[in-house]
Amino acid sequence: MNRPETTINRLRQRGALSVITPLLLLIVITLTVMALDGARLYSLRSDMQAQVNVAAQAAAGAAQACGGQAPSTALVQQRALAAAVAQGFEGSDQDLNVQLGVIADADSSGVVAFESVDQIARSNAVLVSYTRNEPISMLLPQSVFGGISLSVNAAVRKEVVATVSAAGGTVGVGGDATLLGSLLGVVLNQPGFSLDPTDLNSLENATVQLGDLLTATGVNDLVDLLDLDASELAAVIRDVGTATAPVADLLDGIVTAQGIDTIKVGDIISVVENASVPASSEFPVYDLVISLVLNLAEQQQAGAGGLLSLPLDINNLSVPLIANINTVDLGLNVGEPPTVAVGPARQDEDGEWVTRFYAPDVTLQLSAQVELLPINLGPLLSLSLADLTVPLAVNAGGGEGQLISADCARGTSNSVEFGVNLEREVARIVTGRLTAAGELQPERLEANVGRLSLLSGLLPPIEGILYLNAEVDGEVPGIEETVFLDPRYDLYCDPIEGCDQSQYNDLGDGLSGLDLEITVHEASLLRSSFGLINLTPLLKPILDPVLELLSNVISSLAEGLINPLLRTLGVGLGGISVNVSAANQDGIQLIENIAVEEPEQ
């Protein structure tokens with residue numbers, strides 16, 4: 001009785017299967033095709049990502065912070081396209097979007113972003129973007145399934161972070177340690193402080209590693225170190241450095257010196273934008289010590305009327321042309337202590353170079369009473385070529401510099417050539433003194449040429465065959481120039497021997513670089529206790545050689561007393577020294593699909 005119904009049900013099931021089966025097959029085929037298309041699109045996107053990765057890495061080497069002397073946007077784009085093509089890129093030049101920008105170290109929240117810039121001089125990174133439209137399926141009709149836009153980007157930061165200073169470096173070694181010792185004795189309140197060239201030689205090329213500084217002070221990074229008192233820096237250099245005993249004594253004195261608690265490490269070392277600096281980075285010990293000392297001098301000179309008096313042992317001084325130096329008073333005014341700067345070679349949003357360093361801006365005052373070539377002919381006659389009272393004020397000029405170029409390591413080459421822009425201030429020397437503000441105030445010098453004593457003083461002496469009242473003024477013009485340091489800095493060198501420092505040394509030619517002008521206010525012949533014998537017509541033949549002699553004497557005083565001290569401090573008349581003691585290229589970052597910040601208008 002139920003057989004007809006069973007047969008009907010079976011027929012119905014067969015009918016349903018005949019409809020469902022093709023649908024299921026269609027669904028399976030569609031899903032299979034979509035899976036294959038998905039794999040294809042994923043593989044295609046991976047290829048696109050690899051292309052923008054290598055393009056960004058190649059292009060970042062031509063951005064400002066790595067691009068050397070003449071970075072250009074065209075070169076950045078060329079490198080990006082060439083690298084992408086080598087990786088299989090087959091699109092047009094317009095498909096590859098290349099942007100210059102800046103990637104800074106992560107903020108407190110750990111966020112890293114790429115900020116595009118309009119000027120290549122601001123760049124330390126390159127962002128490469130690639131967008132490509134593809135059909136969702138290569139087998140199924142695009143009219144039904146449509147297409148998809150694949151977009152990838154990658155940003156690479158690549159820059160060298162250098163440690164640059166102009167406080168002295170190795171050019172200071174071999175300077176006059178006697179004069180430097182006098183300065184140190186005053187600053188440290190240790191009269192008679194002893195320092196000789198051998199002690200200075202112990203600092204030649206001496207460096208201290210950042211890692212040692214951090215370990216000894218118990219802080220985590222360089223930024224934390226900047227907040228410490230300078231006394232802690234001095235103590236650490238003493239403990240972890242390799243300086244000789246006298247230099248260690250000097251550092252002991254700095255630790256306890258008056259005013260050291262008002263000076264921070266940040267006054268000595270300037271770090272750009274909290275730059276990431278590896279523990280292996282090194283700082284020049286000499287430059288750190290000189291900066292510490294001049295910061296102390298700047299603190300103390302306010303209480304000394306704006307001028308620190310430096311006592312000298314005149315018995316140990318030997319100056320050409322001068323037979324006797326009766327008295328010497330030497331004073332120092334610090335206008336700007338030097339800094340050690342750590343940062344890259346690029347500009348900020350205001351167009352200023354971010355890594356700036358300063359040479360010592362110092363002014364010296366010298367007052368000397370000297371006697372030239374005395375001749376004693378027995379009881380009848382004694383003759384002194386000249387007696388002079390010479391007040392000299394000298395501004396070394398100082399100056400500042402900016403790190404403006406670096407070419408990063410690439411391929412088998414790991415050396416970097418650094419370029420710096422130097423702005424030297426006008427150097428000036430005058431007969432005069434310094435005001436409390438450290439400004440030069442011209443004064444006149446007096447000279448008695450040919451002082452004559454007859455018959456052992458039985459007759460009144462002739463105070464001078466020629467009496468001269470005059471002013472001297474000379475200067476070396478300020479100069480702005482771009483120089484490149486030598487030798488190139490090897491980023492990866494022997495870990496034991498260390499890297500050779502890159503330097504530029506030009507401490508000036510001393511007084512030979514000055515155009516001294518002598519203005520005569522009064523000149524007279526045969527000035528004696530009997531009165532003045534007016535022999536003005538006879539002045540002209542002897543005045544010119546006397547002025548030449550006077551110029552030589554002033555040059556000799558400056559070269560024998562002032563210039564050695566200036567050179568020991570890392571400056572000269574119109575000169576400057578620059579030193580790169582450390583550099584690293586550890587800041588390379590590759591970031592895929594990075595957030596992009598557009599520049600503010």
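**Entry 1: strands S3 and S4.** I began with the pairing of strand S3 (residues 125-135) and strand S4 (residues 147-157) in this predicted model. I found the two strands running antiparallel, joined by 11 bridges. To fix the register I looked up Thr-131, and I noted Ser-151 in S4 as its bridge partner.

**Entry 2: the sheet around them.** I then asked in which order the strands of this open sheet lie. I read the order as S29-S4-S3-S1-S2-S30, six strands with mixed pairing. I recorded strand S29 (589-592) and strand S30 (596-597) as the edge strands, since each of them pairs on one side only. I also kept in mind that side chains in a regular strand alternate between the two faces of the sheet.

**Entry 3: the helix on the sheet.** I looked next for what lies across S1 and S3, and I found helix H2 (residues 73-86) there. I noted that H2 runs at about 120° to strand S1 (96-103).

**Entry 4: aromatic rings.** I searched for aromatic pairs and found one in the structure. I identified its members as Phe-89 and Tyr-130, with ring centres 5.0 Å apart. Is the pair stacked or edge-to-face? I read 75° between the planes, and planes over 60 degrees apart count as edge-to-face, so I entered the pair as edge-to-face. I placed Phe-89 in the loop between H2 and S1 and Tyr-130 in strand S3. The two residues are 41 residues apart, and I noted that the pair links distant parts of the chain. I checked the cover of both residues and found Phe-89 buried and Tyr-130 buried as well.

**Entry 5: strand S17.** I moved on to strand S17 (residues 418-424) and asked how many of its seven residues are buried. I counted six, and I therefore described the strand as mostly covered under the limit of 20% relative accessible area for a buried residue. I then looked up its partners. Strand S15 (residues 399-406) is joined to S17 by seven bridges, and the two run antiparallel. Strand S22 (residues 479-484) pairs with S17 over six bridges, again in the antiparallel sense. I used Leu-422 of S17 as a reference point: Gly-401 stands opposite Leu-422, and Leu-422 stands opposite Glu-481 in S22.

**Entry 6: the whole chain.** I closed with the totals. I recorded 12 helices and 30 strands in the protein chain. Of its 601 residues, 50% are buried. Among contacts with a separation of 6 or more, I noted that 76% come from residues 24 or more positions apart. I entered about 27,600 Å² as the exposed area, with carbon and sulfur atoms supplying 51% of it.

Conventions: Residues numbered from 1 in each chain as written. Predicted model: local features only at pLDDT ≥ 70, side-chain atom pairs only at ≥ 80, totals over all residues. Heavy atoms only, no water. Pairing = 2+ DSSP bridges. Helix = DSSP H or I, 4+ residues; strand = E, 2+ residues; numbered from the N terminus. Contact = heavy atoms within 4.5 Å. Axes fitted to C-alpha atoms, helices over the stretch in contact; angles between N-to-C directions. Phe/Tyr/Trp six-rings, centres within 6.5 Å; stacked < 30°, edge-to-face > 60°. Buried < 20%, exposed > 50% of the residue type's maximum accessible area, 1.4 Å probe, protein only. Areas by Shrake-Rupley, 256 points an atom, 1.4 Å probe, with all protein chains shown as cover.
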